[in-house]
Amino acid sequence: MPTSSIDILRDGPPMNLARAYEIMERDKLDGIAVAGAVNVYHMTGLWPVTFRMGYDGPIVAILTRDPQRPLAIIAAEFTYYYLVSDIPRSYPIEWFIHSASVNATRVFPDHGLAPMSAQETARAAALAAATKKQPAGTDGAAAIVKALRWAGLERGRLAVDHDLIRAAIGGAGLQTQTVDADAPLKRIRIVKSAREIQLMQIASAANVAAAQAAVGIARAGANFREMRTAYYAEAARRGNRGVFMVIDGVSTEGIATPFRDGHAFMIDAVSEGAGYHGDFARTVFIGEPAKPMQKVTAAIQLGWTAVRDALKPGLRFSEITALGQKTLRDAGYDFRVAFGPHSVGLFHNDA
């Protein structure tokens, strides 16, 4: 199995395309156009740093209902050259480049004062190839319209996630009917592709290891802030980015409640790798746990063991909750435990 997200994403985007075509058919959509960071990444495998800097729409992506038509990606020349051309991809993409960049700066010219590096030479060649196939425009909205016309969506029914796309459609007077993309995108996202599962396995394993390493600081005299900081550092060391860590019911960062001997508390540790979230929760004891706490954790363990053994495709979330609670009742426990499942993926709760 590949151990790098880059290796996994070379051959295709994360999105379950078979599921996407199924949802488009079901919802009578001719295509989906996205400009939001998470949605663009899901559809393309691209997450340029300009998204994380707060810019809107450095990349716009369009997927049509026709499986034979390549994915269309609209990008500023600056974005394409400096942020997405470094990793070659083996799947077909129709690029629509425009020179109006997110920061009003075009690609810097080469004055020939020194030889270009191998990386810059490769970037220039990639940009030249992309603009030779589809000549670059000077306006982002015009590039979106050009891509929509190429995709045959100037009169279609299109799910859209951003006003940037709606404005381009309205400004060009296209007869495209737009609907909100949120619901169909969630329905697509809930069923993972093989690539997504690989990315989730890597992120989850790194998250578990980071949480377990961070728990190692738990001792009388240490505090919540130190454990959370250790968790974020351990996640980063393993290629993940810390999202949050709940410690003993406290999610607010900066609180430095000290641990004490006999302390029993839950951790809920979430980090993401390549956009995909790992979620790991456990009960931690410092020293010998009190008898009532031993009884509670034994009950929870019994319930979750029953749930784990019953997990299989087709089991409903509601059945998981009911089974866990029934197991506790049948064993004579009078504890209220949620046993609340949720999906995990590009969000902590992908549903």
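Here is a friendly exchange about the predicted model shown above.

Colleague: Which pLDDT is needed for local features in this model?
Modeller: This is a predicted model, in which side-chain atom pairs count only at pLDDT 80 or more, totals for chains, interfaces and linings use all residues, and local features need pLDDT of at least 70. Residues are numbered from 1 along each chain as its sequence is written, and side-chain values use heavy atoms, with hydrogens and water left out.

Colleague: Thanks! How many helices and strands are there in the protein chain?
Modeller: Helices (H or I, at least four residues) and strands (E, at least two) are DSSP runs, numbered from the N terminus. The C-alpha trace spans about 75 × 55 × 35 Å along its principal axes. In the protein chain, the helices number 13 and the strands nine.

Colleague: What percentage of the 351 residues is buried?
Modeller: Buried means under 20% relative accessible area, exposed over 50%, and partly exposed in between, with a 1.4 Å probe and protein chains only. By that definition, the buried part of the 351 residues is 43%.

Colleague: What is the strand order in the open sheet of six strands?
Modeller: Two strands pair if DSSP finds at least two bridges between them. Pairing in this open sheet is mixed. Strand E4 (93–98) and E6 each have a single partner strand and stand at the edges, so one side of each lacks a neighbour in the sheet. The order is E4-E3-E2-E1-E5-E6.

Colleague: By what angle are neighbouring strands of this sheet turned against each other on average?
Modeller: Axes are lines fitted to C-alpha atoms, for helices over the stretch in contact, and angles run from 0 to 180 degrees between N-to-C directions. For neighbouring strands of this sheet, direction is ignored, and the average turn is 20°.

Colleague: Which residue in E5 is the bridge partner of Ala 33?
Modeller: Strand E1 (residues 31–34) and strand E5 (residues 157–160) run parallel and are joined by three bridges. Gly 31 stands opposite Leu 158 in E5. For Ala 33, the bridge partner in E5 is Val 160.

Colleague: And what is the handedness of the crossover from E5 to E6?
Modeller: E5 and strand E6 (residues 177–180) run parallel, with four bridges between them, and Arg 157 has Gln 177 as its bridge partner in E6. From E5 the chain passes through H8 to reach E6, as a β-α-β crossover. A crossover is right-handed if, with the strands pointing away from the viewer, the path from the first strand over the helix to the second runs clockwise. This one is right-handed.

Colleague: Arg 157 caught my eye; is Arg 157 buried or exposed, or something in between?
Modeller: Arg 157 sits in strand E5. Contact means heavy atoms within 4.5 Å, and residues touched by Arg 157 include Asp 27, Lys 28 and Val 179. With a relative accessible area of 26%, Arg 157 is partly exposed.

Colleague: At what angle do H7 and H8 pack?
Modeller: Helix H7 (residues 140–150) and helix H8 (residues 163–172) have their axes 9 Å apart, at an angle of about 80°. That makes H7 roughly perpendicular to H8; angles under 35 degrees count as roughly parallel, over 145 as roughly antiparallel, 65 to 115 as roughly perpendicular and the rest as oblique. The packing angle is about 80°.

Colleague: Which residues of H8 do Ala 141, Ile 144, Val 145 and Leu 148 meet?
Modeller: The residues of the contact of H7 with H8 are nine nonpolar, no polar and no charged. Here Ala, Val, Leu, Ile, Met, Phe, Trp, Tyr, Cys and Pro count as nonpolar, Asp, Glu, Lys and Arg as charged, and the others, Gly among them, as polar. In H8, the residues met are Leu 164, Ile 165, Ala 168, Ile 169 and Ala 172.

Colleague: How many of the eight residues of H3 are buried?
Modeller: H3 lies across E1, E2 and strand E3 (71–76), at about 50° to E2. Just after H3, Gly 45 has a positive phi of about 80°. Helix H3 (residues 37–44) is mostly covered, and its buried residues number seven.

Colleague: Last one: which residues does Arg 189 touch?
Modeller: Arg 189 is in helix H9 (residues 182–189) and counts as buried at 5% relative accessibility. Leaving out residues up to four places away in sequence, Arg 189 touches Asn 39, His 42, Leu 346, Phe 347 and Asp 350.
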